[in-house]
Amino acid sequence: MNRLNPGMILGILGSGSGSNMQAILDAIDAGQLDARIALVLSDNPQAYILERAAKRGIPTRVIDCRGFATKFPDEAQLETAQQLKEAGVELVCLAGFMRLVKRPLLDAFPQRILNIHPSLLPAFPGLQAWKQAVDAGVSETGCTVHYVDDGMDTGPIILQEKVPVMPEDTAETLHARIQVVEHRLYPEAIRKVM
Ligand code: GRF
């Protein structure tokens, strides 16, 4: 990697553990992704993703969602967009971010926001897609990296990969199997859109 040109500047939004962010960092460290994470934002001050980022010396911020439990208010989206721009972010990666991104943020990064979703979209959009797959009794599900638009998990697909569902699977065992694939697929999708 050319040290004078650190590659694509990424911003990450997450609400939880941040294992996908970790996978992106690992791909960067392994020289498989010419990128740098400049800022990690979370709507959840307790999220482990913030701790993971801080341990790596990556700047973090908590998004102030004005007390709303699930909504991503416009003011918070504008602040998020401004912070990402100030950090020089060129590509925004949602990694387990639990709020719907709408116009204020989409308009600031047109066609530059990606999401990873644990199903073969358009099947099982929305929450706990792995549990939806187990409940539906399907024999195959997967994961998808897609561009974010103003729908729920509806944007154009960049990459998808299938994951088998075993008869003995619980929601948890299936999610763990999907996550192994997610961790490979997200860095690959980022490379594809760079
Ligand atoms: C992943 O399964 C992702 O597909 C979904 O939320 C989960 C986030 O996991 N959107 P992590 O925080 O990256 O570990």
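Mentor: A residue is called buried when its relative accessible area is under 20%, exposed when that area is over 50%, and partly exposed in between. Please also keep in mind that the model in front of us is a predicted one.

Trainee: With that cut-off, is D43 buried or exposed?

Mentor: The relative accessible area of D43 is 13%. Buried residues are those under 20%, so D43, at 13%, falls into that class. The answer for D43 is therefore buried.

Trainee: Which residue forms a salt bridge with D43?

Mentor: D43 lies in the loop between β2 (35-42) and α2 (48-55), and its partner is in the loop between β4 (91-94) and α4 (103-108), so the pair ties together parts that are 56 residues apart in sequence. The partner is buried as well, with a relative accessible area of 9%. The closest N and O atoms of the pair are 2.8 Å apart, and the residue that joins D43 in this way is R99.

Trainee: How many salt bridges does the structure hold?

Mentor: One of them is the bridge of R99 and D43, and another joins the side chains of E79 and R66, at 2.6 Å from N to O. That second pair links distant parts of the chain, with E79 in helix α3 (residues 74-86) and R66 in the loop between β3 (60-62) and α3, 13 residues apart. Here E79 is partly exposed at 30% relative accessible area, as is R66 at 33%. Counted over the structure, the number of salt bridges is seven.

Trainee: In which helix do D107 and R103 both lie?

Mentor: D107 and R103 also form a salt bridge, their closest N and O atoms being 3.1 Å apart, and D107 counts as partly exposed at 47% relative accessibility. The two residues are four places apart, about one turn of the helix, and the helix that holds both is α4.

Trainee: Which helix gives the largest share of the largest nonpolar core?

Mentor: In soluble globular proteins, nonpolar side chains tend to be buried together. In this model the largest nonpolar core has 42 residues, and those with the most contacts inside it are I12, I24, I37, V40, L114, Y186 and I190. The largest share, nine residues, comes from the helix spanning residues 171-193, which is α6.

Trainee: How many residues are in the second, separate core?

Mentor: This second core stands apart from the largest one, and it includes L39, C65, V101 and L105. Its number of residues is 21.

Trainee: Which residue is in contact with Y186, I190 and V193, and also with L91 and V145?

Mentor: The residue we want is among those with the most contacts inside the largest nonpolar core. Leaving aside its neighbours within four places in sequence, its contacts also include V92, C93, L94, H146, Y147, V148 and I158, and the residue is L114.

Trainee: How many residues of strand β6 are buried?

Mentor: Strand β6 runs antiparallel to β5 (residues 113-117), to which four bridges join it, with N115 standing opposite H146. Strand β6 also runs antiparallel to β7 (residues 157-164), through seven bridges, and here the partner of T144 is Q160. Strand β6, residues 140-147, is mostly covered, and of its eight residues the number buried is seven.

Trainee: Are helices α1 and α2 roughly parallel or roughly antiparallel?

Mentor: The axes of α1 (residues 19-29) and α2 come within 9 Å and cross at roughly 25 degrees. The contact is made by S19, M21 and Q22 of α1 and by I49, R52 and A53 of α2. Angles under 35 degrees count as roughly parallel, and α1 and α2 are therefore roughly parallel.

Trainee: Which peptide bond is cis, with omega near 15 degrees?

Mentor: The proline of this bond has its place in the loop between β5 and α5 (129-136). The cis bond runs from L121 to P122.

Trainee: F124 has a positive phi, but is it buried or exposed?

Mentor: F124 lies in the loop between β5 and α5, and its phi is near 50 degrees, a positive value in a residue other than glycine. Q111, in the loop between α4 and β5, also has a positive phi, of about 55 degrees, and is exposed at 51% relative accessible area. At 17% relative accessibility, F124 counts as buried.

Terms used: Residues numbered from 1 in each chain as written. Predicted model: local features only at pLDDT ≥ 70, side-chain atom pairs only at ≥ 80, totals over all residues. Heavy atoms only, no water. Salt bridge = Lys/Arg side-chain N within 4 Å of Asp/Glu carboxyl O. Buried < 20%, exposed > 50% of the residue type's maximum accessible area, 1.4 Å probe, protein only. Core = buried A, V, L, I, M, F, W, Y, C linked by side-chain atoms within 4.5 Å. Contact = heavy atoms within 4.5 Å. Pairing = 2+ DSSP bridges. Axes fitted to C-alpha atoms, helices over the stretch in contact; angles between N-to-C directions. Parallel < 35°, antiparallel > 145°, perpendicular 65-115°, else oblique.
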